[in-house]
Each structure stands twice: as C-alpha cells, then as structure tokens.
Amino acid sequence: MSEPVLRLGMIGGGPGSFIGPVHRMAAELDGKIRLVAGAFSSDAERSRQAGAGYGVDPARAYASHQAMIAAEGARPDGIDLVAIVTPNHLHVPASIDALKAGLHVMCDKPAALSLAELKQLATATSGSKGLYALTHTYTGYPLVREARALVASGRIGRLRKVVVEYSQGWLSTPLEDAGSKQAGWRTDPAKSGVGGCIGDIGVHAFNLAEYVCGAPVRELCADLSIMVPGRRLDDDCNILLRFEDGSERGVPGVLQASQIAAGDRNGLRLRVYGTEAGLDWSQETPNTLTIHGLDGRTEVLHAGAGNLGLAARNATRLPTGHPEGYIEAFANLYRDFASAIRAGAMPADGSLPGLEAGLRGMGFIETAVANSAARAGWVRLDI
C-alpha cells in the first residue's frame, strides 16, 4: 500500500523569490510531498497571488506563518511540515513556532541570524516531535555522496589537503542600490546577519568540505573584504583552515568565496587530496567526479554508472549519460527528509544536514567574521 503524501506549507517564497519555486519543484519531484498552503508574503494580497501561482487554494494562502500554523492545525487535512524560504532573520522565529506546533521543518541556510539565536531554537524546541533539516543543497548531488563514501572508505588514503571555492560575480556592482530584492536583503545586516558572502555562499563551501571529508574544521584564519564601496557586509572571503585528524597540527585547507569575481557564475568546486589520490568535483559539471591517482592514472566517474556506491546510486534517478542537476539534488534532500519523517528520526549517519550542521555553519560564519575584523591569526572553531 502506498504511503500518504506529506502536506507542505511554505513560509516565504512570494513574488520575486528565486528559492521558493525551487523548493516547490524539489519537494514535489518524487511524489512524496505536496505543497498545499503557504504564508508566502506578509502582504495578504501578494501571498494570495503567490499561492495562485503555486496552485494553492486561496483560502490556504496566509499573511503570516502564525496564521498558517494556527489555521492548518485546526484542519483535518492540515500541513505536516513547513519549508522556510525567507531571508535569514526570519528563519529561527518561524522554525520555533513550527516545531512547537509539532510540525517538521525544512529550513534554508544559514539556519539563523546568529549562533546565539540558533542555540535558543535548540533549547526552545528540545521536546518537539518535529524534525529539523537544513537545505545544504549540494550534499544532495550523487557524486558528492560518492566522494564522501570514497573518502570514508580510504580510497584516497589518509587526508592531506582540502581546497574548496565558491566563486560568483553577480554582486560586482551595488545591485542593492538599484532595487534588486535578492541583493538587498543579502547585503543588509539586519536581514542577513554578520556575514555577507560568507553567510550566503561561504557557508555552503564550508559545509561541503566537512560533509565530504568527514572531518570537522578545528581552526581557521580568515581574511574577509568589502570590495564594493558603501557595502556593509563582506563580498569576498579567503580563509585558511585546519581539519581535525587526531594529529597535533591537523589537515590544512583553503576556502575561497567571492561574489565580486567578475564573470563567474556559480563556481563551487571541491578538491580533496589524500596520500594515495585526489578527488575533484565541480557544481557546474556535477555529473562527473575525477580521481587523480598517485601513480599518474586518472579515473572519471559518471553519475548513474553501475560502478558507483550505494549512496550515489540511491541519489540518482536517470541512467548514466542523462544529466541530473540542481533540482534533483535539492529533491534528494526532500526525499530523505520524507523518509526521516516516516521513520521518526533523522539519519544517524549525518547524510541529511540538520541542526548540528546549522550550528557548525553559524559558528563558522561568526568566528571567521570576528577573526578577520580583529586580524587575530589562527583561532579555534568552537561551537
């Protein structure tokens, strides 16, 4: 017998939103979740307009997440989970209200406006029956999961060096002053938090590196810059890292993130080097993973191929040679979350980012920002 479809309510994602439609497509791709309600905007009419675009009953398009949670809780067919797709300053208030109501939460990253705020969420909702997941989208790519499995299996030997970069150019000019909604909130400390580029995309690079390597960053040395005159938050980041490996010194790493790299699009790339081989994966060509051996041989793995491990195969929908991309990777997170909801617990192996990933991400952002401002050299990353 087929399982009942989980009913989703969206918070945010109103007119002009990029990520709202992405969440909707990803959530519904596998037929396990369906968007049925939303507080898409704090303006009632705009919320109704967005709801109509999503195919939501006008009676279930609300002007606040509080109104949605209350009304849906009184319905026999009310929502089971929420997707929070707002600017950062609304993530925690909406998460707390949803979790306290027993709803499950899929939240955009970063998880909060500050680390202290996120710790308040953890305390306030410790007894909730709701599960919490975080949309670190790139962990959903099949070949990212293959890379993670290869590192864990010892295929590349002992970890020696990690290089991760996320390079964009779309904020090379002050778009926030020209009325861009997307640029506006990302460059506003009241809505974005203390981090600009580092909070928007640097935290993705940080999460990807820890996810694949299976090792936490224990120390960092950060240099954050504001390159566009008048901007209030960083738009370029260069950070030295040390990953935990049980040794006194740790494994060296480099993280570069920029939104003023003129001409760059969405250049997320991860290279992981071990004593036996190196791995190379790029988000703009996500269906290949390259392994460079110490013996000079190069192996290219392809998404959908039969020689991949179980984690990668389970995250693949199409035969090899049929490219999958961003929406499918995003959908893997929703599919995993639907399975976790039915099981009553998040995956024990950490394959689906949750509160711990959120805490580490916020700790990374705040530590790097403070470290750079103080020019303090190497500091520990303590959450």
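How many of the five residues of strand E3 (residues 81-85) are buried? Five of the five are, so E3 is largely enclosed by the rest of the structure; buried here means under 20% relative accessible area, exposed means over 50%, and partly exposed covers what falls in between (1.4 Å probe, protein chains only). The model is a predicted one, in which local features need pLDDT of at least 70 and side-chain atom pairs count only at pLDDT 80 or more, while totals for chains, interfaces and linings use all residues. Residues are numbered from 1 along each chain as its sequence is written, and side-chain values use heavy atoms, with hydrogens and water left out.

To stay with E3, both of its faces are covered. Leu 81, Ala 83 and Val 85 are buried on one side, and Val 82 and Ile 84 are buried on the other. Strands and helices are DSSP runs numbered from the N terminus (H or I over at least four residues for helices, E over at least two for strands), and two strands pair if DSSP finds at least two bridges between them. On that basis, E3 pairs with strand E1 (residues 6-12) in the parallel sense over five bridges, with Gly 9 opposite Val 82. E3 also pairs with E4, again in the parallel sense, over four bridges; here the partner of Val 82 is Val 105.

Strand E2 (residues 33-39) contains Ile 33, which is buried with a relative accessible area of 3%. Leaving aside neighbours within four places in sequence, Ile 33 is in contact (heavy atoms within 4.5 Å) with Val 5, Leu 6, Leu 8, Ala 27, Glu 28, Leu 81, Tyr 334 and Ala 338. Asp 235 is another matter: Ile 33 and Asp 235 are 202 residues apart in sequence and 36 Å apart in space, C-alpha to C-alpha.

Then there is the nine-stranded open sheet, with mixed pairing and the order E13-E12-E11-E10-E6-E9-E8-E7-E14. Its edge strands, each paired on one side only, are E13 (298-302) and E14 (379-380). Strand E6 (residues 159-167) runs parallel to strand E9 (residues 251-258), and six bridges join the two; one bridge pairs Ser 167 with Ser 258. On to E8 (residues 236-243): six of its eight residues are buried, so this strand is largely enclosed by the rest of the structure. E8 is joined to E9 by eight bridges in an antiparallel arrangement, with Cys 237 opposite Ala 257. Strand E7 (residues 217-225) pairs with E8 over eight bridges, also antiparallel, and Leu 220 has Leu 241 as its bridge partner.

Helix H6 (residues 142-153) lies across strands E10 (267-274), E11 (277-282), E12 (285-293) and E13, running at about 25° to E12. That angle is taken between N-to-C directions on a scale from 0 to 180 degrees, using axes fitted to C-alpha atoms, for helices over the stretch in contact.

What about empty space? A 1 Å grid over the protein atoms alone was used: a cavity is a set of points where a 1.4 Å probe fits but cannot get out, a pocket is an open set with protein on both sides within 12 Å along at least five of seven lines, and lining residues have an atom within 4 Å of a point. Points are joined across faces, edges and corners, and a volume is the space filled by probe spheres set on them. The structure holds three cavities of 30 Å³ or more, and the largest encloses about 50 Å³. H6, E10 and E11 each give two or more residues to the lining of that largest cavity. Among its lining residues are Leu 143, Val 272 and Trp 281, and the full lining divides into nine nonpolar, no polar and one charged. For this split, Ala, Val, Leu, Ile, Met, Phe, Trp, Tyr, Cys and Pro count as nonpolar, Asp, Glu, Lys and Arg as charged, and the others, Gly among them, as polar.

The second largest pocket has a volume of about 340 Å³. Of its 19 lining residues, Asn 207, Tyr 211, Gly 350, Glu 356 and Ala 357 are the closest to its centre. Helix H9 gives the most to this lining, with five residues, and the lining as a whole holds eight nonpolar, six polar and five charged residues.

Two backbone details round things off. A cis peptide bond joins Lys 109 and Pro 110, with omega about -15°, and Pro 110 sits in the loop between E4 (104-107) and helix H5 (115-124). Arg 375, in the loop between H12 and E14, has a positive phi near 50° and is exposed, at 58% relative accessible area.
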